[in-house]
Amino acid sequence: MRSAVIMPTLARDGWDRFVPDLLAQSRPADEIIIVVDRPLPEAEQQQMTAQWPQLRFLFNPANIGITRSLNRALGATEADIIFRADDDDMCLPRRFERQIELLTESGADFVTSWAEGVADGDEANRYLIRCPVDDAAIRAALMRRN
């Protein structure tokens, strides 16, 4: 089973601070696709590609938004399992391994998780990102956002 990470980004300063988390997984993804969702000069594109040769970059010619960028990444991979990440997501070392185990053991087609967020880098400003947990609520949520 092949796996891929898809990550949209505006590629502002610090966009790549958690890329090492993705690369250091106990069960690494077969490919990591970064979609840069704004026009970048050719020199910047080459610099990013040279700095991160382990990543596959898709450069949007214009800002097309997160959903269209994610769909572009989905169309660029043939992976069986897709991991979704934002450029501000820190991943624990066993994230992919544990999610693959859950998919395999449960036979599920889709896995999501709750997450803890930190607003503006302030550890005192933590919040919980919740996901729906039943079929109807999941379907309704997917109609509103990715």
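This section describes strand pairing, aromatic pairs and charged side chains in a predicted model.

Strand β1, which spans residues 3-9, offers a starting point. Seven of the seven residues of β1 are buried, so the strand is largely enclosed by the rest of the structure. In a regular strand, side chains alternate between the two faces of the sheet. In β1, Ser3, Val5, Met7 and Thr9 point one way, whereas Ala4, Ile6 and Pro8 point the other way. Residues in both of these sets are buried. Strand β1 is joined to β2 (residues 31-36) by six bridges, and these two strands run parallel. Within this pairing, Thr9 stands opposite Val36 of β2. Strand β1 is also joined to β4 by four bridges, again with the strands running parallel. Here the bridge partner of Ser3 is Ile81 in β4.

Aromatic side chains were examined next. Three aromatic pairs are found in a search of the whole structure. In the pair formed by Trp15 and Phe57, the ring centres are 6.1 Å apart and the planes stand at 75°; because this angle is over 60 degrees, the pair is classed as edge-to-face. Trp15 belongs to the loop between β1 and α1 (19-23), while Phe57 belongs to strand β3 (residues 56-59), so the pair ties together parts of the chain that are 42 residues apart in sequence. Both Trp15 and Phe57 are buried. The pair of Phe83 and Phe96 is stacked, with 4.1 Å from centre to centre and 20° between the planes. This pair links distant parts of the chain, since Phe83 is in strand β4 (residues 81-84) and Phe96 is in helix α4 (residues 95-106), 13 residues apart. Phe83 has a relative accessible area of 2% and is therefore buried. Phe96, at 0% relative accessibility, likewise counts as buried. In addition, one aromatic cluster is formed by Trp15, Phe57 and Phe59.

Strand β4 thus appears in two of these descriptions: it is joined to β1 by four bridges, and it carries Phe83 of the stacked pair.

Arg38 is located in the loop between β2 and α2 (42-51). This residue is buried yet has no salt bridge. The nearest side chain of opposite charge is that of Glu44, at 4.4 Å; because a salt bridge requires the nitrogen and oxygen atoms to lie within 4 Å, Arg38 and Glu44 do not qualify. The side chain of Arg38 instead meets backbone oxygen atoms. A polar atom of this side chain lies 2.4 Å from the backbone oxygen of Leu10, and the side chain reaches the backbone oxygen of Ala11 at 3.1 Å. When residues up to four places away in sequence are not counted, Arg38 touches Leu10, Ala11, Arg12, Glu44, Asn60, Ala62 and Asn63.

The structure holds seven salt bridges. One of them is formed by Arg56 and Glu31, whose closest N and O atoms are 3.3 Å apart. This salt bridge links distant parts of the chain, with Arg56 in strand β3 and Glu31 in strand β2, 25 residues apart. Arg56 is partly exposed, at 34% relative accessibility, whereas Glu31 counts as buried, at 14%.

Arg94 takes part in further salt bridges. Its side chain meets that of Glu97 at 3.3 Å, N to O. Arg94 also forms a salt bridge with Glu101, for which the closest N and O atoms are 3.9 Å apart. Through these shared partners, Arg94, Glu97 and Glu101 are joined into one network. Each member of the network is partly exposed: the relative accessibility is 40% for Arg94, 23% for Glu97 and 33% for Glu101.

A further charged residue, Arg126, lies in strand β6 (residues 126-129). Arg126 is partly exposed, at 42% relative accessibility. The side chains of Arg126 and Glu116 make a polar contact at 3.1 Å. These two residues are ten residues apart along the chain, and their C-alpha atoms are separated by 6.8 Å. Leaving aside neighbours within four places in sequence, Arg126 is in contact with Glu116, Gly117 and Val118.

How values were computed: Residues are numbered from 1 along each chain as its sequence is written. This is a predicted model: local features need pLDDT of at least 70, side-chain atom pairs count only at pLDDT 80 or more; totals for chains, interfaces and linings use all residues. Side-chain values use heavy atoms; hydrogens and water are left out. Rings of Phe, Tyr and Trp (its six-membered ring) pair if their centres lie within 6.5 Å; planes under 30 degrees apart count as stacked, over 60 as edge-to-face and the rest as tilted. Buried means under 20% relative accessible area, exposed over 50%, partly exposed in between (1.4 Å probe, protein chains only). Two strands pair if DSSP finds at least two bridges between them. Lys and Arg count as positive and Asp and Glu as negative; His and the chain ends are not counted. A polar contact is a pair of N or O atoms within 3.5 Å; within protein, one must be able to donate a hydrogen and the other to accept it, and residues adjacent in sequence count only if both atoms are side-chain atoms. Contact means heavy atoms within 4.5 Å.
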